[in-house]
Amino acid sequence: MMRIDPTEPLGKQSESSRGWMMTVRLASWLIISCLLFWWLGSQWKERSGDSVYPDRPIQIVVPYAAGGGSDTFVRIIQQGLIDAGEFDQPMVIINQPGGIGTIGSREVKNAEPDGYKILCHHNAIITAKLAETVDYGPEAFEPIALTGEMSMVILVRADSEILDLAQLLSLASENPESVRFAANKGAPAYYAALQLEKAKPGAKFTIVSSGGGADRYTKILGGHLDAGIFSLSEYLDFVAPNGTPPDRDVRAIAVLSSERHESIPSVPASAEMGIPVVLRNANYWWAPKDTSAEVIQRLAEALRRAMDQPSVQGELSRLRLDPTFAVGDGLRKKLSETLRGFEEVAESRNMDLPRFDLYLAGLTLLLLGVVTVQGLSSRIKCRDLSLEEGVAKQAGDDVTSHGLLAISCFSLVVTHVLAFQSGWVPLALVIFSMVLSTGLLMSRVVRVSRLALLELSLLTGLGTQYLFTEVLMVALP
Amino acid sequence: MDGLAEAIDALFSLYGLGVILVGTFLGITVGAVPGLTGTMLIALVLPLTYGADPLLSMALLISIYVGAVSGGMITATLLRMPGTPASIITTLDGYPMARSGEPEKALGLGVMASTVGGGVSWCFLVLLTGPIAVLSSHFGFFEYFSLVMMALVLIASVGGSSLTLALFSGFLGVFFAMPGINAATGRARWTFGITEMNDGFQLLPVLIGLFAVNQVLTDILRIEDQGEPVSIGKRSLWLGPRQWVSHGVNLLRSSIIGTWIGMLPGIGANIGSVTAYTVAKGVSRQPERFGHGSEEGIVASEAANNATIGGSLIPLIAMGLPGSVVEAVLLGALVIHGLQPGPRLFAESPDMVYTIMGAMLLANFVMAIMMIGSMRWLARIASVPKPYLLPVILAFCVVGSYALANRFFDVWVMLAFAILGISLERFRVPLAPFIIGFVLGPIAEKNLSLGLQASGGSFLPLVTRPLSLLFLSLSIALLLFSIFGAKLKGRWFQRPSTTSDPFDGEVGA
């Protein structure tokens, strides 16, 4: 290891540390030139290309976080597209999570209808409009295809007295609101719960939005909720091995489907019991409105071939997804049926929860008042006791010393973010210029080597570009 | 025990060990550099782990955490500038001892105490997490709500400078968590017609803005602060077994205090070390040595601040409640990787639980070896000129916020919260309660709303369910105590403890 004496003042390195500096410098220039060649190459490659669709990467927007169910599904299809040899261009997955999928869906809705930015989104795209989260539904998109559906089951705790779906509904109609039913407001499961109520006159659940699958499961085991809708794969994950005491396990009382599912043959389908509620969460692919029919056709064809890949079939059955596929009229019919089913029961049954947000805003303002009064009074007290010197000096020091420098650096950052957002300047250049300019500003106060700053900015700029495009696959504007 | 095997596989692979080495090294480095904090690094590294294996990502973040809490003592001892807030107390005795010609001994004691503190709290982590997870799986909506309320009161009452400022900061945090889709009703609120606001403000941009950018700007303000370090001689940092034995009781006591303080939600490593230091001074046979280079003081502070790590991981894993700002980021990291911390984590992904535990233990050993082996080098890194460091951090703040969800909205949120953070600190409002409120507020609201949905709108279960009643009465008692007790207690926790201000030395005087 290099021995460096920490007492040495900077700038006056000894022989050994000068040699060390040379090595570092040489290595950093080597890395910089490699990155520069890679970047120029990639820029050049992007410019050249033939004009048959697709002649540049297709972006698939997943409106949920990386690693979630939707993301896993799209990555399987992406691999299928590669295996099937579709498209010479890469398919880039962009995760835009948030707002129950509305942030990603809006992104695609507003995109150019050229087939280079498409969306994969399940039934929640239909319910988001009904729940008034956004003002558009499926009609704002061109549907490309339906690929894969997930069956949904109703779970109760294993020692529950509810044995089947009919009994659940009669309990809910005899004692309205006695059954606490887990289904998230605004999500497809919520509308399925309303459809169930409609199937039996007088039935009424107490519907509780209780978050993700794991949360709902815990609450059902703890006896805080009586029943809930889960996906088939969640059920198979949750169900405990034989011999578990019944109060630590769950039981499926029905599949919301027209027929039983092959992986749980003993669980009856809802249709068998004369309750025509079917909920299957389907994955749909969407393009922006007015995308040309040829492009839709091309994408649908590619998705069909991807779905036919044995590897995709295998992965989907591992996820318990049924490999359904629909395009064109079949797809439209399916969509309008689902929409009608939800619309029939859509009602705003909002239990009047207290407006916690308003209370909170009031409380925060109140505290702000208290704090201000306290601050003012303590300042006056300080002045009276003529103790302000220490405090005021400390506070004043900061502003006068390098306040201008800090403000300039911050403004430089803001300017560079604006340039980055405009999309005209590549990331590498933005970062290079940002690091260099802020560094140079600071070096007016603390003297450092300009050359080293230049190296550092080149390294950071090209490095982040490499990291983003090659490692993280982030979509740059 | 499949999970255990998988965790061991992941940790003892080439990647696993590499990740722990790199993480600990980076952690110690940022911990040692005044002006850079572990929170900052963890928030900036998190976006890089999106595409990576969840187990390795968590191992990386945990190692950074362990490294950062430990690294702060280097500059605290040599420069009298705590590298992280966790080491503020170490400056009291570390620096005088270093100045009096024994820097190796001061650092050696610190490393020993850190290692023991980490180890002891690790044992508690392993022993307590399981039972607490089982216990909390019986919690319903109302119990969770009351528990979170207790946590909020706790940070306000012991967290920072004054009770009102801390409360204000906490409530402001909850306030900024309000926009977005309400989990209980499925409806968006406070979005002002902006679609991006459907998702509210995300934790990561808020955190990067409040802590990282704010800290960089503050560092620019005092860009010339670069002290002269006390130089380290050639003596080894390794202490003989006699030292270990003679500090045995103090080590154990401080570690246990640190662990317990860490377990309390909302309180971080700095409070742990203050408390252990006070107790050590109280029972010491030489209390007059404290503040003038006391061995016991260094040991108590460093053992306790490292012990808070294991302690604070317990509620995070077992109940999904973050104990400190770093924990809030770790919670976010788990959620980003599709895992929900809480009672189910043990059953669903035992591999993750064991990886977190294993990574903490390994990082603890790696930290000890690294600190002893490369202290001279680390001391040198701590004085890298700011103009090299700060621009690169700013760049990472921008790209890190953007990478979260591929949108510029987050970058602007980050910049706006940087301004907010710097203005709050101007007025001496501590920032830690803000983040805890920001994270816990929505959890409390959701649980209360769902509880009300299930109970048909009745608030009664809050007081009729015994556990809920217990938590509520505890929080009210705490609040009353801190209002009236503060007057009696004197002024122990005076300074805002979120940034690494150069420490003046009045605490403990």
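Okay, quick definition before I start: two strands count as paired if DSSP finds at least two bridges between them. Keep that in mind, and remember that this is a predicted model.

Let's begin with strand β4 of chain A, residues 141-157. With β7(A), residues 227-231, β4(A) shares five bridges, and the two run antiparallel. If you want a spot to click on, I154(A) sits across from I229(A) in that strand.

Now stay on I154(A), since it also stands opposite A254(A) in β8(A). β8(A) covers residues 250-255 and is antiparallel to β4(A), again with five bridges.

Next up is β9(A), residues 280-288, which pairs antiparallel with β4(A) through eight bridges. There, look for S151(A) facing R280(A). And then there's β10(A), residues 321-326, antiparallel to β4(A) over four bridges; T147(A) is the residue opposite F325(A) there.

So how buried is β4(A)? Well, 17 of its 17 residues are buried, so the strand is largely enclosed by the rest of the structure.

Okay, over to where the two chains meet. The contact draws 85 residues from chain A and 75 from chain B. On the chain B side, several elements supply at least two residues each, including α8 (163-176), β2 (188-189), α9 (203-221) and α20 (432-455). Which element of chain B gives the most? That's α18(B), with twelve residues. And if you're wondering about chemistry, the side of chain B touching chain A breaks down into 44 nonpolar, 18 polar and 13 charged residues.

That's what I've got, thanks.

Definitions and conventions:
Residues numbered from 1 in each chain as written. Chains lettered and ligands numbered in written order. Predicted model: local features only at pLDDT ≥ 70, side-chain atom pairs only at ≥ 80, totals over all residues. Contact = placed C-beta atoms within 7 Å. Nonpolar A, V, L, I, M, F, W, Y, C, P; charged D, E, K, R; others polar. Buried ≥ 20, exposed ≤ 12 C-beta atoms within 10 Å, placed from the backbone.
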